[in-house]
Amino acid sequence: MWTSTSMGVPESVLLSVMGLSVVMVTLIILALVILVFAKVMGSSNAAAQSAPRPIPDPPGISDEVCSMILAVICEELHASPEEINVTSIKELK
Amino acid sequence: MWTSTSMGVPESVLLSVMGLSVVMVTLIILALVILVFAKVMGSSNAAAQSAPRPIPDPPGISDEVCSMILAVICEELHASPEEINVTSIKELK
Amino acid sequence: MWTSTSMGVPESVLLSVMGLSVVMVTLIILALVILVFAKVMGSSNAAAQSAPRPIPDPPGISDEVCSMILAVICEELHASPEEINVTSIKELK
Amino acid sequence: MNLIAIVEGLLKSSGYATMTWQQLVMLVLSFILMYLAIVKQFEPLLLLPISFGIFMSNLPHSGTFEYFYQLDHWYDAGILGVMYMGVKSSFFPCMMFLAVGAMTDFGPLIANPISLLLGAAAQLGIYCAFIFANATGLFTPQQAAAIGIIGGADGPTAIYVANNLAPELVAPIAVAAYSYMALIPLIQPPIMNLLTTDKERRVKMKQLRKVSKAEKIIFPILVACLVSLLLPDVAPLLCMLMLGNLFRECGVVERLSDVAQNALCNICTIFLGLSVGATARGELFLRPQTLAIVVMGLAAFSFSTFGGVVFGKVLYAVTGGKINPLIGSAGVSAVPMAARVSQTVGSKTDRTNFLLMHAMGPNVAGVIGSAVAAGFFLTFFAH
Amino acid sequence: MNLIAIVEGLLKSSGYATMTWQQLVMLVLSFILMYLAIVKQFEPLLLLPISFGIFMSNLPHSGTFEYFYQLDHWYDAGILGVMYMGVKSSFFPCMMFLAVGAMTDFGPLIANPISLLLGAAAQLGIYCAFIFANATGLFTPQQAAAIGIIGGADGPTAIYVANNLAPELVAPIAVAAYSYMALIPLIQPPIMNLLTTDKERRVKMKQLRKVSKAEKIIFPILVACLVSLLLPDVAPLLCMLMLGNLFRECGVVERLSDVAQNALCNICTIFLGLSVGATARGELFLRPQTLAIVVMGLAAFSFSTFGGVVFGKVLYAVTGGKINPLIGSAGVSAVPMAARVSQTVGSKTDRTNFLLMHAMGPNVAGVIGSAVAAGFFLTFFAH
Amino acid sequence: MNLIAIVEGLLKSSGYATMTWQQLVMLVLSFILMYLAIVKQFEPLLLLPISFGIFMSNLPHSGTFEYFYQLDHWYDAGILGVMYMGVKSSFFPCMMFLAVGAMTDFGPLIANPISLLLGAAAQLGIYCAFIFANATGLFTPQQAAAIGIIGGADGPTAIYVANNLAPELVAPIAVAAYSYMALIPLIQPPIMNLLTTDKERRVKMKQLRKVSKAEKIIFPILVACLVSLLLPDVAPLLCMLMLGNLFRECGVVERLSDVAQNALCNICTIFLGLSVGATARGELFLRPQTLAIVVMGLAAFSFSTFGGVVFGKVLYAVTGGKINPLIGSAGVSAVPMAARVSQTVGSKTDRTNFLLMHAMGPNVAGVIGSAVAAGFFLTFFAH
Ligand code: NA
Ligand code: NA
Ligand code: NA
């Protein structure tokens, strides 16, 4: 839209006000849409609770590793895997 | 080979019969070549048995992890690695 | 620099002597610069000792895996993580 | 310059003001495809990038896609237009086949070469769809051939042929091919149950012999050589497939096999999907032809299944009941989905019947079969 | 031919004989940048390749960089000149944003949409720098706009805009942007402490709600659609950002998300850095303009921080003290550095105040905000 | 149209009908190379792709390889023709050197800079082969120079020089270079045993000092700067080598170092190998020149070994027996094969003599030495 090779300060300020307004308005619209959306999704918390996501494995503790550890312990205790019941494996930081 | 911009049903059928035949003949030739080849290789089973491939480690149970687990167990039992003999580590699903 | 489409043996030998000299001189200069540099760095050994590099974790024994193993052991011994003190985990080859 | 002029300019150049109805329809269509890819998990690895490509390309004035070869400067083609260079040059489909080759175990096929016949028979749908497409009068024979290849149930082959014979149809053909591949578990079982008797479905096949490493290494070289000599036009695609398999089987280039299956494959998947989707511009896509392609794609898949199962019945009869006709349907390829369908249908009749490994033979044979069929069409129509 | 002639020829063509003072200065500058990248760890992933690109490009006669589009044959452009094709076509910045998207969790923003306002306010510096640059009279308005975007604190956005509005300034803008991003922990805290009261800094914000998976999947599609329609010129960049995020959140294309974050991202980082650095030829780089860019970049970062914090104070007042103004400064983006600065400044006043997650909202909002600002400039100046 | 016409057309266009004797010979040659790569494990990472490229390119009518720069549209060059763009622009050899740099530890060289002299002496074969090639009268001086560089035993350097001085010889030179690199354990030991006395072979060298991190970081920058200034024509190759090493040693860009060594390297290996192989078209390859190249390549390797060992003997004499002359042969590079040969030959004479680390110095010095030699030829012949 702008064709001249230079721009004075007044125009710069005008354009800047305009630009910051566009940014503001756009992000406000986005914020509103997100809010509306969260409502539509049936008050998100309820929705989230009614359809709980399958909890992904914490990184680093894959199924294989867990079962492998279990296997080692069984070896050591001379027990069969069915006799031992690992209720949870917690990752310590 | 075909230059016209449309093709009637009779030609289509003819070409299709031809095409399916080419596919059939090509794959039959391949099948025969494979059979001949298997014979030439000196009845493959014998060959396969004489040169067994090294069995790759099951995925997920690497050497390091195994030895690490062993190390932890040793720590715990105050035993040296030489005293413990892990005969096998099984992965449980 | 050379524009003719063939080169006689005398010129080839001359150019080769020249080329090998350039290689030799260049690498000698590099060697000298490295020597000077090692001196400038204040006799490298001392420098290396005064700024020891942090030892990276041995590959395959990440923090998560260690803490996970600890967690399994705690589970097994019905002990809390605070009661157990793993002093070191050694990788066995 | 004043505020009002700026606002006016902004609004005029915005997509809200200038969107055509076709673009709107395409945006909605892209959302539907995203839904199918994400929620219904229809081959998401390709349908998600394809649908996003459709979305981006149909945003008004977004400048994300131009045909680079129509411009003075290729680098002005937009982000998707730049990616399209890999489609135009057939680079991406070839790389996809390199990955497929590196992921495929041809062992079951080598152990039981009769699988190749099933893999051939299950190309029937290609020719049925080709005849139907010609019969509609909506398509040139080149386009009809490209549509037919949907019945091969191999994404890269379909895209390769479409790109060479009917580049304007790459997008609908790719979408149809991948969608129906995802729908294989719905399309095939009724046809399989209809065509086979209970007794046939109960056939247990004898265990496959072990295949030596040497056979596995020589197989890809042999196939590449024989087929490429017969049908040179399909050589790029087929050789890449077999090179990938050679990387896998030779055992001395793990690094190359790994990169072909992972980094290279995934990068090409993203770019291929996005740029193929981007060719689906509303004004070209929203025509009766597209609907016809969708219909014929379904027909192609159905007839291919039919061909495979019926030929399986023939083999059942000829071998005196040693071949379970259910493995015939796996010949459409769509690796490994179709083989799993054979397994599922078989185990529904008899829980102890494990057909998976036996179905893998026709399954991978179907990939070769489709490539041969593609080579035939390319030889006939590309020159 | 004789020995002396050869030696003479060698010496004449060597860089020692023909180096200009500008090249020497640039080599020294490249060593300084390498030092900052390696020892001071100033965004080394990009500054190290950039500095090495400067180094290579300013070696006399090295033939490592020519503008490929000025040559008869692109393949004679040199190794860095060939890489530059990915900059010229905006391919690399888009790929960087694909990776950023795949690495970004928009959850905190969705949980607290008011973050978006802070992300908008923290674009103030963009416009301040734009005005200053125009006021100096040294720059065209296009160049001024490209310089302003440094204040957005997003490398790919800055490079994308510079490449489209002022390609001759890509190198100084990129260097300034990445350098100041590395300096955020030095630039922001004084401004934050100056503008906020002890009481404000002690505000503890209530825990964010959990965001459902569906919201996280729909968010990127929604943003891509709404913003790209409003400001089509920024569509390529923004859509790639959101595609990356969609890969991450949809959960069905792990492979693509992984390759976008790793192999593809790292390859593009190397090539982008090297070729952007290579555009910094001494005779063009060593001008007063470059110094002005460095000064204005600092101004842009400072005023963006100012804008974010002051707007944070407004929200603090409006909400009756529920918003801690310190999270406003995170709106400049520079993910996740700026959010960590908010956390650090907050916990210095009260050790039990954990602002990190709350600051992540404005932080990722700042990425969107900068993209919108970029889109506005592109719409206004690129046509 | 009738059936017979179709069959006739198919057969006419098939490769079986139109194959020339040269193509047949090349196919057989490609199978032999595949055998060597897979069964004999001759540098399989490159020889397998190269041999498959030869195979594909010599399939009649396969359309897999055309020189893209001779066509109206580059995208019609075929799958290997498209890949060849990375060779023509010298992109792939540079990327290979980036990877080599990232995989190389220059520590042993820095600890013992005298290694550099051995690395220089072991370039002797380059010049011997150059003289022989000129003497035959079969080659232009440019071609002779490219053939000579085979003696440098560095694949990327050989391909880079051949591509710039004699593109028509890239394939035979690459095949010869990689084949002889694989044969190093057969070529070198007899020469080493012939030239050294038992006493010399028993020399145990004193342990190398530790090299500080700072030295390792500064080394690549220093070498890149000094050598590129002296011989600008080799700057692209050498700078990439040193950039890779800088990535490795600086410790702050793990991601880039990793991708340079793995994904990027492997992708480029596949494409480089295939497209270099593809240039070996029968009608050009099957000439006396090719045989001459093979012979001269062997001469180059032998004389390089000779040069290294003899200079090692000189150093043995000068230092009063502190240098084991066996490490001289490692100066041909072919990292780390040649260093292992030094170790093996040494330990055959005295089982307790461990020369490996000492041989690594000349070994990596040989890479730099070959690059310098290449730069000299390029300076002299490329302008
Ligand atoms: Na198929
Ligand atoms: Na920002
Ligand atoms: Na060498």
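Donors are N, O and S atoms within 2.8 Å of the metal (3.2 Å for Na, K and Ca), and water is not among the atoms, so sites may look incomplete. This is a predicted model in which local features need pLDDT of at least 70 and side-chain atom pairs count only at pLDDT 80 or more. Residues are numbered from 1 along each chain as its sequence is written, and chains are lettered from A.

Q: What is the geometry of the site of the sodium ion (ligand 1)?
A: The protein donors are D:Gly152 (O), D:Asp154 (OD), D:Val332 (O), D:Ser333 (OG), D:Gly366 (O) and D:Ser370 (OG), lying 2.0 to 3.0 Å from the ion. Six donors count as octahedral if opposite donors are over 155 degrees apart and all others between 65 and 115. The angles among the six donor atoms run from 54 to 167 degrees, and the site is irregular.

Q: How many residues apart are D:Asp154 and D:Ser370?
A: The donor residues of the sodium ion (ligand 1) are spaced G-x1-D-x177-V-S-x32-G-x3-S in sequence. D:Asp154 is in the loop between helix H11 (141-148) and helix H12 (155-165) of chain D, while D:Ser370 is in helix H22 (residues 356-381), and the pair links distant parts of the chain, 216 residues apart. Helices are DSSP runs (H or I, at least four residues), numbered from the N terminus.

Q: Is D:Ser370 buried or exposed?
A: Buried means under 20% relative accessible area and exposed over 50%, with a 1.4 Å probe and protein chains only. The relative accessible area of D:Ser370 is 0%, so D:Ser370 is buried.

Methods: Side-chain values use heavy atoms; hydrogens and water are left out. Four donors count as tetrahedral if all angles lie between 85 and 135 degrees; four count as square planar and six as octahedral if opposite donors are over 155 degrees apart and all others between 65 and 115; anything else is irregular. Helices (H or I, at least four residues) and strands (E, at least two) are DSSP runs, numbered from the N terminus.
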